[in-house]
Amino acid sequence: MLSVLDLFRVGIGPSSSHTVGPIRIAGRFISALRDRGGLGDIERVEVELQGSLALTGAGHATPKAVLLGLAGFEPETLDPDEAEASEAKIRKTKRIKLAGERDIAFDPERDILMAYEVIPELHPNGMRLKAFSEDSSVLADETWYSTGGGFIASQKQLERPLEDDLVPTGPSVPFAYTSAAELLAMCAHEGMSIQEITLANEDAMRAREETLSALDRIAEVMLGCIERGLSREGELPGGLKVKRRAPGLWTKLVSGSGDNEREQLFDWLNVYAMAVNEENASGGQVVTAPTNGAAGIIPSVIRHYCADTEDRTARMRTFLLTAGAVGILYKQRASISGAEMGCQGEVGVACSMAAAGLAAVWGATPQQVTNAAEIGMEHNLGLTCDPVGGLVQIPCIERNAIGAVKAVNAARLSLHATGHSRVSLDQVIETMRQTGLDMSSKYKETSQGGLAVNVVEC
């Protein structure tokens, strides 16, 4: 079983698959070399970005991520300002300290290759990393993949026969489920809620206090991201001249303008989601939920329905544990990668998770929770990923706002139903997977179709 803490990771924008993942891959590559015999023999490092990492890498700050990973930064702990300064120094001096230790020549324009023509078979987000000695001998040559949400895998892992995945690995958990049907059966048999089942599994991985503390930090980072996004004005980087809109809408809301409008609920959800995704687009600190491109939906719903109540801590824990259980199903049974599934695998999954989390907070039964998750995804099926200019701005920022509103509506609809939904969560997850496989690569984070080719970038 995956942990909910695998899904909710603190990192930086603008992309979990194109920024967080490559940081981790580059760091893992250098760390392994150091463990095998030190870094003293390394004179040159070359990184080839393949598939979607090349096609939209520039707009997603993937070259910057490579530099940070090689230099020893970790996405969970890095300071965005320090990272910015480090990148600038590397580009200016054309030198890098591998893992902060071994200083070598490194010219990003020469040593980071954009292999636009290479579309890997194992996963669209490929990275090939090579290390050379002084006499140009190859010390290491590895291919890795950024599989969405900050998750990474080596070529060896992805080439492993499917039947090997049936062999249990990691800690044994009391409630190992592989489908929503199994999860619901466990809830019914044990008389437990989804969040209780999830927490029991987390207990097998670490002390409960550690899990609860980590969940509380995740929630606080989400809320902190919203607060920063509500106060920072200006233009987002990247050349599209997209202006931050969250501060202006926030000012209007807190002034009481439009208080009599029934639709103002939309504005509150919109402003929180947009605040997060404007921060993400600027490279700020965010939580993958389950990805950076969809990072605004869950925080928006948490902020509006959980953060200002007396029982806020309990509500936020219930929300994250329930949403995490649903996210694990998507990760295990399909994918949360926009490069594999299109945006249905990012915003669609986040909407589904948020709907489930909110339904649980509102006291829904396990069946109603999965109904909410199903509704949240059913009406995002086929959603494409076609970022203009390869930037996580258009349509991503507004799409998160729409996804937050849709998640709340899905949770409401689920509470009006008492029995099984005609469409199950397992069925909609499989439908998403099949739809993603059938979807043209033009619409899966390559910026080769849709809005990306019909909207002028300047």
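Start with the whole protein chain: of its contacts with a separation of 6 or more, 76% are between residues 24 or more positions apart (a contact means heavy atoms within 4.5 Å). Bear in mind that this is a predicted model, where local features need pLDDT of at least 70, side-chain atom pairs count only at pLDDT 80 or more, and totals for chains, interfaces and linings use all residues. Residues are numbered from 1 along each chain as its sequence is written, and side-chain values use heavy atoms, with hydrogens and water left out.

Now switch to cartoon. You'll find 20 helices and nine strands; these are DSSP runs (H or I, at least four residues, for helices; E, at least two, for strands), numbered from the N terminus. Show the C-alpha trace and turn it: along its principal axes it spans about 70 × 55 × 40 Å.

Next, colour by burial. Buried residues make up 56% of the 458 in the chain, where buried means under 20% relative accessible area with a 1.4 Å probe, protein chains only.

Time to zoom in. Select residues 138-148, strand β7, together with β8: the two run antiparallel and are joined by four bridges (strands pair if DSSP finds at least two bridges between them). Gly 148 stands opposite Phe 151 in β8. Click on the turn of this hairpin, where two residues lie between the strands and Gly 149 has a positive phi of about 70°.

Finally, show side chains for residues 151-154, which are β8. In a regular strand, side chains alternate between the two faces of the sheet. Here Phe 151 and Ala 153 sit on one side, Ile 152 and Ser 154 on the other, and all four are buried, so both faces are covered.

Conventions:
Buried < 20%, exposed > 50% of the residue type's maximum accessible area, 1.4 Å probe, protein only.
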